[in-house]
Amino acid sequence: MVVGQARDWRARAAVRFTPEKQPVHGARGMVVTNHPLASAAGAEMLAAGGNAVDAAIACLFTLTVVEPMMVGIFGGGLSHIRLADGTHVVLDGLSAAPRAATPAMYRPVSDRMPAYMETVGRENSIGPKAVATPGTLRGWCDASRRFGRLALADVMEPAIRHARRGFAVTPYLAACIAEAATDLARDPDIAQLYLPGGKPCEAGRRLVMGDYAETLASIAADGPEVLYGGALGRHIADHMARVGGLIGLEDLRAVTTIDRPPVHGTYRGFDIYGPPPPSAGGVHVAQMLNILEHDDMAGLGFGSPDSMHLLGEALKIAFADRAAATADPAFVQVPVEKLMSKAYAGERHARIDRARTAAWTPGVISSESANTTHVTVADADGNIVASTQTINGLFGARFIIPGTGIIPNNYMALFDPHPGHALSIAPGKRVTTSMAPTIVFRDGKPAFALGLPGGLRIFGSVMQALVNLIDHGMSLQEAVEAPRLWTQGEALEVEAAFPATSREALAARGWRVLPVAHVGGGMTAIAFGADGTTTGAACWRADGTPIGLGGGLARAGTRFWPDAPNVEEAD
């Protein structure tokens, strides 16, 4: 039985919380990113006559400057685009294993958890052998060329400006630099930038990226081919060959963006669209919602032991299936229809024990990094972009390609270093990701667009936000800031805002409850009003900032004041 939604979440909630940030409302567009300068770059594009795609790409290029630990032009990601004419596409710019990669190229530390994904010398996560072939720049430039209104040089201008003139380091960036400092110190180029005088940059310091500004300027002038086979690409390939990396010029020349149709699910009258494999996000968000649709989540109340138990069980089921089946569909047959079917969800739901947690242990544990970024943009014409992008780990492979300012990804860490599994390495194979840039419709009209960074915790956090909005009737700001939980079959991570009584009740059901500071990263979201207005919200887990456009041009026929009668003479 499918249970209808209820709205009085506060009356049933076990949790009381007050959002830390305020939402923003707009009538002519909305931009939400995890840095104020990036949001401002997107708003600048909308004000200049650009559309949501122009704004999103401007945001992403700017984030490579002001949020360099999370995203870069040598990374990978997904852009979920819904155009005003109803066209719906996911642009897959994910990274792929280089042609020289082999299933047994690393020496795994262990065949068991928790060190299953680790390799000798950390070669799959730090240094040149950790770098996968990047798809971000190609994907962004393809989106700009195909769907944007403005020239590439225009959308890149804010990023170049901030790299050249500098920007103030935020406390968030400063903390990330300090966290990675030991590894950053091993590379002289990245250390010179982020560890001046041998110490991590402090908050408030002005950070100038001269080399990176020149790299961006060359791309703005000559396009992405500078990297994908041109002078910049040759420089990078030569450097990688010298230091033992795998990426060659032919890898870069072969990079393409793949158009993929979004997967579609339903939940209590809402249509949910998300990215297909190799992303696990869309498939497993839909799967978990199908499972939860059998229960009265609103009646159980937000943060109650019963609702938290069901969320945890749905997560464990999804991760067991993700590990077994979800990978690059060019290499692995992914049973998308079965995973997303209501009947299969019913079978899985029937096995849930309300009194005890069950063992839904996955066979493979992924090491997907939480260090990602997300952009959500909408314009007044009905174009929507939800884009999640990353260099995978914090500061990627933790070195800079000399003379370029580019921090390459460490996406090879997402592949299983053991041969013979769905996520094992193969030349040209795209990484599997938990990215879940999601767009939701009600009665054929946009209702919500959202996403977040957070690695493995992304799609579970998206699922919880949708339950918050649809079942619990939360405002957008409440939904993105509400406490979250997460598990993939081991401990149940629970944010501190959940009450001790709920944690104790879960422990009594067999859960190993692990209190954590936060689950996933900063969600950025947009809600669409029936009157055409938008609301933007970002949560406390990052430097998220919504910027909305209001106002507009002068009323038609309005004339400059001196043409009107002189007031003093009329008196």
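**Stop 1: helices α2 and α3**

Select L37, A38, A41, G42, M45 and L46 in α2, then add A52, D54, A55, A58, C59, T62, L63 and V66 in α3: these two sets of residues meet each other. You are looking at a predicted model, so keep that in mind at every stop. The contact of α2 with α3 is made up of eleven nonpolar residues, two polar ones and one charged one.

Now show the helices themselves. Helix α2 covers residues 36-47, and it packs against α3 at an angle of about 150 degrees, with the two axes 8 Å apart. Which way do α2 and α3 run relative to each other? Angles over 145 degrees count as roughly antiparallel, and α2 and α3 are therefore roughly antiparallel. Their crossing is right-handed.

**Stop 2: from α3 to α5**

Keep helix α3 (residues 52-66) on screen and add helix α5 (residues 152-165). The axes of α3 and α5 come within 8 Å and cross at roughly 25 degrees. That makes α3 roughly parallel to α5, because angles under 35 degrees count that way. The crossing of α3 and α5 is right-handed.

To see the contact, colour D54, I57, A58, F61, T62 and V65 in α3, and on the α5 side L152, V155, M156, P158, A159, H162 and A163. Sorted by class, this contact of α3 with α5 has ten nonpolar, two polar and one charged residues. Some α3 residues take part at both stops: D54, A58 and T62 meet α2 residues and also α5 residues.

**Stop 3: a loop residue, R122**

Next, find R122 in the loop between β4 (88-92) and α4 (136-147). What is the phi of R122? It is positive, about 55 degrees, although R122 is not a glycine.

**Stop 4: a cis bond on the way to α11**

Move along to P278, in the loop between β9 (270-274) and α11. Is the peptide bond from P277 to P278 cis or trans? Zoom in on the backbone here: the bond is cis, with omega near 15 degrees.

**Stop 5: helices α11 and α16**

Follow the chain into helix α11 (residues 281-292) and bring up helix α16 (residues 458-470) too. The axes of α11 and α16 come within 9 Å and cross at roughly 45 degrees. That makes α11 oblique to α16. As you turn the view, note that α11 passes α16 in a right-handed crossing.

For the side chains, pick G281, H284, V285, M288, L289 and L292 in α11, which meet F459, G460, V462, M463, L466 and V467 in α16. How many charged residues does the contact of α11 with α16 have? It has no charged residues, alongside nine nonpolar and three polar ones.

**Stop 6: the second largest pocket**

Finish with an empty space. Select P446, A447, F528, G529 and A530, which lie nearest the centre of the second largest pocket. In total, 33 residues line this pocket, and about 610 Å³ of space lies inside.

Now show the strands around the second largest pocket: β10 (373-379), β13 (445-451), β17 (524-528) and β18 (534-538) each supply at least two residues of its lining. Which strand gives the largest share of the lining? Look at β13, which provides four residues. Colour the lining by class to end the tour: 14 of its residues are nonpolar, ten are polar and nine are charged.

Note on methods: Residues numbered from 1 in each chain as written. Predicted model: local features only at pLDDT ≥ 70, side-chain atom pairs only at ≥ 80, totals over all residues. Heavy atoms only, no water. Axes fitted to C-alpha atoms, helices over the stretch in contact; angles between N-to-C directions. Parallel < 35°, antiparallel > 145°, perpendicular 65-115°, else oblique. Left-handed = near helix turned anticlockwise from the far one by under 90°. Contact = heavy atoms within 4.5 Å. Nonpolar A, V, L, I, M, F, W, Y, C, P; charged D, E, K, R; others polar. 1 Å grid on protein atoms, 1.4 Å probe; cavity = no way out; pocket = protein on both sides within 12 Å on 5 of 7 lines; lining within 4 Å. Points joined across faces, edges and corners; volume = space filled by probe spheres on them.
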